[in-house]
Amino acid sequence: MSKIKIVNLQKSFGDFTAVKNSNLTINDKEFFVLLGPSGCGKTTTLRMIAGLELPTSGEIYLGEEEVGMLRASERDIAFVFQLFALYPHMNVKNNLSFPLKMQGYSRSEIKTRVEEAAKLLRIDHILNSNISSLSGGDRQRVALGRALVRRPKAFLMDEPLGTLDAEFRELMCLELKKLHIDIGATTVYVTHDQLEAMSLADRIAVMDGGEILQADEPSVIYNKPATKFVASFIGSPGMNFINIDQGISNEQSTLNIEGTDFSIPKQYEISKGKKNSFGIRPENLSLTNEGGLKGSVFGVEYLGSRKIITVKTNFGEIKVKTDISTSVKINENVQVKPSNDNIIIFDGETDKSLKSEFMN
Amino acid sequence: MDTSRSYLEPSSFSKKLAATIIIVYTVITLIPISWMVMTSFKNVNSAISYPPEVLFEPSLEGYVNLFTNRSRQSQEYLDSLPAPETWYEELVRSREMVITGPSKFLGRYSNSMIIGFGSTFASVFLGALAAYAFSRFRVPLKDDLLFFILSTRMFPPIAVAVPIFIMYRKLGLGDTHLGMIILYTVVNLSLAVWLLKGFMDEIPKEYEEAAMIDGYSRLQAFFKVVLPQAMTGIAATAIFCMIFSWNEYAFAVLLTQFNAQTAPPFIPTIIGEGGLDWPAIGAGTTLFLLPVMIFTIILRKHLLRGITFGAVRK
């Protein structure tokens, strides 16, 4: 197992730049997730690490070795495809032993390793089955098995749970996490599903438009997003934004919105312009009778343990996560107020979060 | 209202109509073939008798004549010979003839085999490689090249017979197996490239990528992962190529005489006493039919899937 480092990595297809000047370090034995909407360059980044695409510029280090221009077959990594890409003309056993045959292992060694992997993934009872007769989950396990028989330097996974149904995905998520803990392999995992990313990752890199916006632990990504995009992409529902037409000065700790003063964490950075936004997560808001933003209830979603109340204000719809006992009627006039100081001001020009007592 | 049948199912009337049309068509197609097979089991007289005999006493004379050269002898000479050892010698003696040796048929037949299978293999192999390249790589002028390849089929091959004849004579390829294999391969290659490209396009590239990550080179991945999955297409293509090169007559007449002559130009020239030996010709054509028939039956499963492959997007 090895750490992976990418330096100034760039990939263009003609005029289109899929990955822009990216830098990342993925630590040894880390479960690292590349997260972003489709077309953000996450898969291209993964394919460059795998050697299925060659970078336009930049370097990729696998361990200490620079592998950017090496063929996929020379890199000693394993790749799990979204559609599994199990060889349909071979049975499970042959699929699993296919990578080993190339490396000149003896028959008995291949047999031991295949059986070991099959046992680990609980597919030892279907070793002689045809691929076409397997269920989605079993195919997934065989694909994982084919990746881990070789004990490669790193596992790369491209939305491996994307084709499974919701219930199964959760189960496989747990299994993947457990597998990662058991074998401690450096893993780079691509997904567009933030829940999957949150539950699996040691660290997440959020990508958009070919750029890595933030790479950090899930809790940091969630609570202290570096950009407005990260804040809105992560979380369900995403962060609320209130546009404020005022500049932010150093040491500022209150903000006047519609005549009401709200206290905000002490700001350490001056905004570039006058159009900024005030960001707060739905669970950090509460309904109140006075001293908040005025609005009317637009919708109520019942989520079992929580309720999400959408309030229509002059600043657009604001979502508030409340406990189950809160009861409001549609069109009822309410006010919305932050319940703690988990408030982030985003600079309108750069979309980046401004430094403050909270965002330090 | 009758709700017992689905609207997607054809009605029983149209099913019956379809079956009738197929049966009538099959019968019409089979009449000449069965007449040919029947002729091969007739003797010389009943083959040309008028009105034609549908019921006749079967004889293997045609097959014996096909494989042997014979000469007519006087009755005294025949009497002086020791008794015939085999059934076919006996048959020939009863016609007041003796066998003087094997005929050229087996040689011509094996020429057909060598040239037919050789050119089929070459067309499919080269076609698969070219189709793979066209399917996977950014080939400059790809569309123009593909059209150019297809355009070689837009004129009947025999239109270029004279230049090919002269070229083959100058190159010393006339009347050689290699020459005929090259010729049929060239004619078949455009079909093979186009057919196989369709199949290659259907195979997701992830399979090769998986194989390459598993440590195989692209060429190894092609042989181990792509080719086995293209088997349907390969079978369908092989049958088309085989049928063409096996049946080809015009170039075979023009370019081969002795060494590499194939069965099609040879069979019609089988001459017996007093004209064409129809039972022997029938026997020759019947035997000629068999390899393609067996080849097609073996690959039939693939062929059916092959022709409809890709019609429905999975």
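In the predicted model, Phe346(A) is buried, because 27 other C-beta atoms lie within 10 Å of its own, and a residue counts as buried when that number is 20 or more. Phe346(A) belongs to strand β20 of chain A, which covers residues 343-346. When neighbours within four places in sequence are left aside, Phe346(A) is in contact with Lys228(A), Asn276(A), Ser277(A), Gly279(A), Asp351(A), Lys352(A) and Ser353(A). Thr326(A) is 20 residues from Phe346(A) along the chain, and the C-alpha atoms of the two are separated by 30 Å.

Chain A as a whole has 360 residues, of which 41% are buried. Eight helices and 20 strands are found in chain A. Along the principal axes, the C-alpha atoms of this chain fill a box of roughly 80 × 45 × 35 Å. Of the contacts in chain A between residues at least 6 apart in sequence, 65% join residues that are at least 24 apart. The domain assignment gives domain 1 as residues 4-228 and domain 2 as residues 237-346 of chain A. A distance of 39 Å lies between the C-alpha centres of these two domains of chain A.

Within chain A, helix α2 (residues 92-102) packs with helix α3 (residues 107-120). Their axes are 10 Å apart and make an angle of about 130°. The two helices α2(A) and α3(A) are therefore oblique to each other, since this angle lies outside the ranges for roughly parallel (under 35 degrees), roughly antiparallel (over 145) and roughly perpendicular (65 to 115). The crossing of α2(A) and α3(A) is right-handed. On the side of α2(A), the residues that meet α3(A) are Lys93(A), Leu96(A), Ser97(A), Leu100(A) and Lys101(A). Their counterparts in α3(A) are Ile110(A), Arg113(A), Val114(A), Ala117(A) and Ala118(A). By class, the residues of this contact are six nonpolar, one polar and three charged.

The buried residues of α2(A) are Val92(A), Asn95(A), Leu96(A), Ser97(A), Phe98(A), Pro99(A) and Leu100(A). These buried residues pack against α3 and also against α4 (136-148) of chain A. Leu96(A), Ser97(A) and Leu100(A) are thus named both among the buried residues of α2(A) and among the residues of α2(A) that meet α3(A). After α2(A) comes Gly104(A), which has a positive phi, near 70°.

Helix α2 of chain A also takes part in the contact between the chains. In that contact, 17 residues of chain A touch 14 residues of chain B. On the side of chain A, β6 (77-80) and α2 each supply at least two residues. This side of chain A has 14 nonpolar and three polar residues, and no charged residues.

Chain B is divided into domain 1 (12-40), domain 2 (46-102) and domain 3 (105-308). The C-alpha centres of domain 1 and domain 2 of chain B are 35 Å apart. Helix α6 (residues 105-136) of chain B packs with helix α9 (residues 177-202) of chain B at an angle of about 40°, and their axes lie 6 Å apart. The crossing of α6(B) and α9(B) is right-handed. In this contact of α6(B) with α9(B), 18 residues are nonpolar, nine are polar and two are charged.

How values were computed:
Residues are numbered from 1 along each chain as its sequence is written. Chains are lettered from A and ligands numbered from 1 in the order in which they are written. This is a predicted model: local features need pLDDT of at least 70, side-chain atom pairs count only at pLDDT 80 or more; totals for chains, interfaces and linings use all residues. Domain bounds come from an automatic or database domain assignment. Helices (H or I, at least four residues) and strands (E, at least two) are DSSP runs, numbered from the N terminus. A residue is buried if 20 or more other C-beta atoms lie within 10 Å of its own, exposed if 12 or fewer, and partly exposed in between; C-beta atoms are placed from the backbone. Two residues are in contact if their C-beta atoms, placed from the backbone, lie within 7 Å. Axes are lines fitted to C-alpha atoms, for helices over the stretch in contact, and angles run from 0 to 180 degrees between N-to-C directions. A crossing is left-handed if the near helix is turned anticlockwise from the far one by less than a right angle, and right-handed if clockwise. Ala, Val, Leu, Ile, Met, Phe, Trp, Tyr, Cys and Pro count as nonpolar, Asp, Glu, Lys and Arg as charged, and the others, Gly among them, as polar.
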